Amino acid sequence: MKTDIYSMLPEELEEYFLSLGEPKFRAKQVFPRLNIGSLIEELTMLSKPLRARLREEALDSLPRVERKLVSKIDGTVKYLFRLHDGSCIESVLMKYKHGNSLCISSQVGCYMGCRFCASTIGGKVRDLLPSELLGQVAVAARDSGERVSNIVMMGIGEPLDNFDNVVKFLKLVNHPDGINIGYRHISLSTCGVVPGIYKLAEVDLPITLSISLHAATDEQRSAIMPVNKKWNISELLTACVDYYKKTGRRISFEYTLISGKNDTQSDASELATLLTSAFRGTGAPLHVNLIRVNEVEETGFKRGSAESVNAFAAALEARGVVATVRRRLGSDVNAACGQLRRQSMNNDLK
Ligand code: SAH
């Protein structure tokens with residue numbers, strides 16, 4: 001078994017270097033470099049024999065750029081990364097006026113089975129290591145020459161189904177001696193793994209939590225999101241209220257509009273009532289982020305018109321719920337979740 005040194009915090013690296021008979025201060029020398037994605041051979045502050053030893057013993061878990069697509073429309077960069085075991089994942093670098101956001105994957109594939117989503121079609125292959133989560137940020141920044149100022153965990157996989165590695169990653173990426181991205185600049189999105197939401201409230205890192213709600217009734221939600229059969233809407237919203245009360249951090253709700261499934265005026269009114277009554281008396285600001293579904297060949301779900309999403313937003317706003325419509329970036333580079341990985345898997349099969 002190789003040692004995953006890229007997943008180590010400085011104090012763990014100290015132990016590791018001591019175990020190699022090296023002084024502790026090697027950790028201080030090396031951590032900032034590993035954290036920003038330097039290769040072992042680039043650690044020139046170490047002697048050649050020590051680097052050779054690390055190449056033998058340490059896991060090279062840095063993602064490698066397998067493909068890179070740059071949008072001609074808005075400069076969005078879509079990365080297909082290959083991992084040390086040959087698996088592929090995706091990250092997307094999006095450029096906004098307020099800075100660059102990187103959308104990262106949390107697992108290879110996904111176990112959750114949402115019916116509209118391309119990432120879950122082949123199931124879950126494995127969890128990503130903390131180093132592979134961090135490596136997406138480090139390698140994307142290094143490759144593009146851009147600073148990553150925000151991270152959204154909205155790529156392939158369910159972050160709360162990989163809880164411990166995700167929390168370790170958050171501590172790594174936030175470390176002052178490394179990439180040092182503030183928790184308030186990090187969002188984590190979940191399909192509704194309720195025990196994970198309670199655990200995240202306990203860990204109490206001031207990140208932003210997003211909930212993929214996508215329906216206002218259990219009947220509708222269970223039909224598109226199997227996770228709802230395990231933890232229903234009422235259990236989910238109870239966990240959200242608990243999270244808000246414990247952390248004081250507002251929660252953002254994601255709602256993907258699917259034509260003819262969940263996008264009518266009465267769906268909007270039901271959604272507004274659901275959220276306002278769940279959070280009544282807490283003082284929590286309510287925010288819904290609307291996304292028109294990205295069409296995925298295998299799922300058959302259809303994207304509605306821009307008018308339908310605006311009408312949905314207006315119906316929420318009229319009932320006191322702030323609604324934003326997600327701008328679509330990188331439409332010419334297949335930037336929607338999981339689509340590039342599927343394409344590459346299909347090509348591998350051919
Ligand atoms: N597993 C996590 C994070 C990954 S998905 C979660 O479910 O939240 C990130 C977001 O993209 C989720 O809100 C998800 O429901 C949404 N999504 C997935 N497939 C989509 C599609 N085809 N069109 C629009 N949104 C999609």
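Trainee: How many disulfides does the count come to?

Mentor: The model is predicted, with local features needing pLDDT of at least 70 and side-chain atom pairs pLDDT 80 or more, whereas totals for chains, interfaces and linings use all residues. Residues are numbered from 1 along each chain as its sequence is written, and side-chain values use heavy atoms, without hydrogens and water. A disulfide is a pair of cysteine sulfur atoms within 2.5 Å. By this rule the count is zero.

Trainee: Which cysteine sulfur is nearest to that of Cys114?

Mentor: Cys114 takes part in no disulfide. The nearest cysteine sulfur is 5.2 Å away and belongs to Cys191.

Trainee: Is Cys191 buried or exposed?

Mentor: Buried means under 20% relative accessible area, exposed over 50%, and partly exposed in between (1.4 Å probe, protein chains only). Cys191 has 6% relative accessibility, so it counts as buried.

Trainee: What is the distance from a polar side-chain atom of Ser189 to an oxygen atom of the ligand?

Mentor: A polar contact is a pair of N or O atoms within 3.5 Å; within protein, one must be able to donate a hydrogen and the other to accept it, and residues adjacent in sequence count only if both atoms are side-chain atoms. For Ser189, the ligand partner is an oxygen atom, whereas a polar side-chain atom of Glu158 lies 3.0 Å from a ligand nitrogen. The Ser189 distance is 2.6 Å.

Trainee: What percentage of the ligand's accessible area does the protein cover?

Mentor: Accessible areas come from the Shrake-Rupley method with a 1.4 Å probe; for residues, only the protein chains shown count as cover. On its own the ligand has 530 Å² of accessible area, and the protein covers 93%.
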